[in-house]
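Trainee: Could you take a close look at one part with me, the nonpolar core, and show how the rest of the fold is arranged around it?

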Amino acid sequence: MPSMSPLLLSEITVTGLYRCLDVAGDGDDALRLKRLGICAGRKIEVLRAGDPMVLNVLGTQVGVSRLAAALVTVEPVTATTAATQDNSAKPGESAEGANHG
């Protein structure tokens with residue numbers, strides 16, 4: 001069974017679902033990531049690894065440079081961890097508010 005230890009978002013080489021554990025620092029890149037919705041506890045789907053990475057955050061696709069991704073610590077989301085964390089924000093809830101206009 002693969003290790004479930006935390007890793008940097010920039011180290012990810014396979015697509016999948018991850019949970020953000022921390023965004024390091026308080027500089028411009030960290031602030032930008034947080035404004036994009038990448039913050040502790042948030043589920044992040046990696047759609048494309050590389051530089052830039054393509055992520056799905058709260059139903060929105062965003063591009064993130066490898067340099068910025070190195071500030072983000074994540075862990076893979078498995079069926080077990082997803083079931084125990086069902087109380088996190090659901091993409092449908094946020095998407096409804098974005099569809100007005």
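To start us off, what percentage of the 101 residues of the protein count as buried?

Mentor: Happy to! Keep in mind that this is a predicted model. Of the protein's 101 residues, 26% count as buried. Now to the core you asked about. The largest nonpolar core has 19 residues, and the members that touch the most others are Leu9, Ile38, Leu55, Val64 and Val72. Two or more residues each come from strands E2 (16-23), E3 (43-48), E4 (53-57), E5 (60-64) and E6 (72-76), and from helices H1 (28-35) and H2 (66-69).

Ile38 is a good place to zoom in. Setting aside neighbours within four places in sequence, Ile38 is in contact with Cys20, Val23, Leu33, Ile44, Leu55, Val57, Val64 and Val72. Two of these partners, Val23 and Val72, also stand opposite each other, with Val72 in E6. E2 and E6 are paired there in the antiparallel sense, over five bridges.

Stepping back, the six strands make an open sheet ordered E1-E6-E2-E3-E4-E5, with antiparallel pairing. Strand E1 (7-8) and E5 are at the edges with a single partner strand each, so each has one side without a neighbour in the sheet. H1 lies across E2, E5 and E6, and runs at about 130° to E2.

Along the chain, the elements follow the order β-β-α-β-β-β-α-β-α-α from the N terminus. Of the contacts between residues at least 6 apart in sequence, 62% join residues at least 24 apart. As for the outside, the protein exposes about 6,100 Å², with 54% of that supplied by carbon and sulfur atoms.

Key
Residues are numbered from 1 along each chain as its sequence is written. This is a predicted model: local features need pLDDT of at least 70, side-chain atom pairs count only at pLDDT 80 or more; totals for chains, interfaces and linings use all residues. Side-chain values use heavy atoms; hydrogens and water are left out. A nonpolar core is a set of buried Ala, Val, Leu, Ile, Met, Phe, Trp, Tyr and Cys residues joined through side-chain atoms within 4.5 Å. Buried means under 20% relative accessible area, exposed over 50%, partly exposed in between (1.4 Å probe, protein chains only). Helices (H or I, at least four residues) and strands (E, at least two) are DSSP runs, numbered from the N terminus. Contact means heavy atoms within 4.5 Å. Two strands pair if DSSP finds at least two bridges between them. Axes are lines fitted to C-alpha atoms, for helices over the stretch in contact, and angles run from 0 to 180 degrees between N-to-C directions. Accessible areas come from the Shrake-Rupley method with a 1.4 Å probe; for residues, only the protein chains shown count as cover.
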